[in-house]
Amino acid sequence: SHSADLVLLDYKMPGMDGPEVLKKIRSNVSLAQLPVIFLTANNDKESVMTVMNLKPEGYILKSKSPTEIKQAVIDFFKSRL
């Protein structure tokens, strides 16, 4: 009953990968403005470039500490105020 404020999306998932999911989100009129941040272990140049060309709001590596990940999400919301 509540809409999402942010999607944390992994790059590799079964069935459909993260870039495909983001393309579907952006192609849906009611979801197109939904903020998406990738939270992934993929840090190779090709993966990063593929995702960044889709213009997500961020790209966070899973290798960061939980505190750093949480802070990145907090910073995202602070920047929207």
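User: Hi! What covers the buried residues of helix 3?
Analyst: Hello! The cover includes strand 1, strand 2 and strand 3. Here buried means under 20% relative accessible area and exposed over 50%, with partly exposed in between (1.4 Å probe, protein chains only). Helices (H or I, at least four residues) and strands (E, at least two) are DSSP runs, numbered from the N terminus.

User: Before we go on, what kind of model is this?
Analyst: This is a predicted model, where local features need pLDDT of at least 70 and side-chain atom pairs count only at pLDDT 80 or more, while totals for chains, interfaces and linings use all residues. Residues are numbered from 1 along each chain as its sequence is written, and side-chain values use heavy atoms, leaving out hydrogens and water.

User: Thanks. Back to helix 3: which residues are buried?
Analyst: Ile-69, Val-73 and Phe-76. They cover an arc of only 55° around the axis (taken from the directions from the helix axis to the C-beta atoms), so they sit on the same side of helix 3.

User: And which ones are exposed on the other side?
Analyst: Thr-67, Lys-70, Lys-78 and Ser-79.

User: Switching to the sheet, what's the strand order?
Analyst: The open sheet has three strands in the order 1-2-3, with parallel pairing; two strands pair if DSSP finds at least two bridges between them. Strand 1 (7–9) and strand 3 (58–61) are at the edges with a single partner strand each, so one side of each has no neighbour in the sheet.

User: How many bridges link strand 2 and strand 3?
Analyst: Four, in the parallel sense; strand 2 is residues 36–40. Within that pairing, Ile-37 is opposite Gly-58 of strand 3.

User: Where does helix 1 lie?
Analyst: Helix 1 (residues 18–27) lies across strand 1 and strand 2, at about 170° to strand 2. Axes are lines fitted to C-alpha atoms, for helices over the stretch in contact, with angles from 0 to 180 degrees between N-to-C directions. Contact means heavy atoms within 4.5 Å.

User: How many residues are in the largest nonpolar core?
Analyst: There are 11, including Val-7, Leu-22, Phe-38 and Tyr-59. A nonpolar core is a set of buried Ala, Val, Leu, Ile, Met, Phe, Trp, Tyr and Cys residues joined through side-chain atoms within 4.5 Å. Helix 1 gives the largest share of this core, three residues. Another core, of seven residues, lies apart from it, and Leu-39, Ile-60, Ile-69 and Phe-76 are among its members.
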